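Trainee: I would like to learn how to read the overall features of a model. Where do we start?

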Amino acid sequence: MPATILLTGGAGFIGSHTYVALVEAGYQVVILDNFSNAARDVPERLAQITGHAVIAHDVDAGDSLALDAVFETYAIDAVVHFAAKKSVPQSLANPQRFFNANIVSLLTLMRAMERHGVNRMVYSSSATVYGAPESLPIPEHAPLRYTNPYGLSKLLGEQFLNQKIRQPQGWDVGVLRYFNPAGAHVSGLIGEAPLSNGGNLMPLLARVAKKELPFLTIFGQNYGTPDGTGIRDYIHVCDLAKGHVQSLEKLLRHRQSHTVNLGKGEGHSVLDLVKTYEKVSGQTIPYRFQDRRAGDVAASFADPSMAADLLDFRAERNLWDMCQSSWRWETLSDPAWQLSEAKPTPRILKMPAAGLSPQDFRH
Ligand code: UFG
């Protein structure tokens, strides 16, 4: 019997790609998403890609009552927890909202898991927990620090889960520290929705290439990097998705908790991305330099060796693949994407916020 995985935030950018990877690996998956930052047609697109009906519930991961109903309905073996906010500027503008979404919801979910005897989780963390790195590449044992409320929320999340791991009969937890996710599924049917873009580089490149924006603003041209622009470790979202499957397998088969970087271990500058995106799209991407963006570091890239050793994880796709799949997604996804009638209809069940009983979920 395949394990059943609860995927919170499963309609989002990384969540939707992980859904596909989990289904392809043979898991049964239940999506929870409040669709605050994901398009409502994502489950239909997932059905199209996988060829299987999708179970998706319109539920906030911080809704205790609704979580009880979900855990009573499905025999959940493990949770992959994506549901969270991720924009650094938004976290600075409204920390309270951020802590509610990222910390209060995590604690509510953990309490619901406890009530229902579920003690395995793969947790979305971020390289943001390293703050400004002292040396490169960044290993997992590098000092941890935060420079904004988003970073604090990820650090606290890791620490709450570490407490659980250390308890007698402790939890099995995979903490995955993402570097810079980019690209899209090869089908072009899912990718990073514009509404989820908190100022990240690749979706902005796409908008300039599509002539929705007149030029790209490059933040900083005098960093101590070969071309003067910031360097990051871009990792294809499908590689990242595969990392979640490998993390989950470590938990389910070996009960081995772990905290690992998920990166490619290579740095690329902003100008590298501009040039590659130009080639892939066949469009010119005008750019203008501006002052450095507050909070940005010159360079950040992972030491990916622990993920390779522990999980046998390697990010295989390169920058070209990331730009090409991004461009495909960006150009296929508008104006209106039409579903094929022949494909299975996903099951999207709406849940009221209160007064709910597990019977509401029977289908
Ligand atoms: N950049 C530009 N112009 C833009 C946007 C970005 O020049 O319009 C540059 C940035 O200065 C940086 C690089 O492109 O050098 C990448 O910037 P992103 O905003 O795409 O990504 P960040 O590395 O700033 O942020 C990512 C995640 C955050 C996470 C952080 C650290 O988006 O959630 O990594 O892990 F906190």
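**Charges, fold and rings**

Mentor: With charge, and keep in mind that this is a predicted model. The protein has 34 positive and 35 negative charges, and their mean positions lie 1 Å apart.

Trainee: How many helices and strands are there in the protein?

Mentor: The protein contains 11 helices and 14 strands. Its radius of gyration is 20 Å, close to the 21 Å from the globule rule for 363 residues, so the protein is as compact as a globular protein of that length. The C-alpha trace spans about 60 × 50 × 40 Å along the principal axes.

Trainee: What share of the residues is buried?

Mentor: Buried means under 20% relative accessible area. In the protein, 54% of the 363 residues fall in that class. The accessible surface is about 15800 Å², and carbon and sulfur atoms account for 50% of that area.

Trainee: And how should I read contacts along the sequence?

Mentor: Take contacts between residues at least 6 apart in sequence: 81% of these join residues at least 24 apart.

Trainee: How many aromatic pairs does the structure hold?

Mentor: There are four aromatic pairs. One to look at is Y287 with F289: the ring centres are 5.6 Å apart and the planes meet at 70°. Planes over 60 degrees apart count as edge-to-face, so the Y287 and F289 pair is edge-to-face.

Trainee: Which exposure class do Y287 and F289 belong to?

Mentor: Partly exposed is the class between under 20% and over 50% relative accessible area. Y287 is partly exposed at 36%, and F289 is partly exposed at 34%.

Conventions
Residues numbered from 1 in each chain as written. Predicted model: local features only at pLDDT ≥ 70, side-chain atom pairs only at ≥ 80, totals over all residues. Heavy atoms only, no water. Helix = DSSP H or I, 4+ residues; strand = E, 2+ residues; numbered from the N terminus. Rg over C-alpha atoms; globule rule 2.2 N^0.38 Å. Buried < 20%, exposed > 50% of the residue type's maximum accessible area, 1.4 Å probe, protein only. Contact = heavy atoms within 4.5 Å. Areas by Shrake-Rupley, 256 points an atom, 1.4 Å probe, with all protein chains shown as cover. Lys, Arg positive; Asp, Glu negative; His and termini not counted. Charge placed at Lys NZ, Arg CZ, Asp CG, Glu CD. Phe/Tyr/Trp six-rings, centres within 6.5 Å; stacked < 30°, edge-to-face > 60°.
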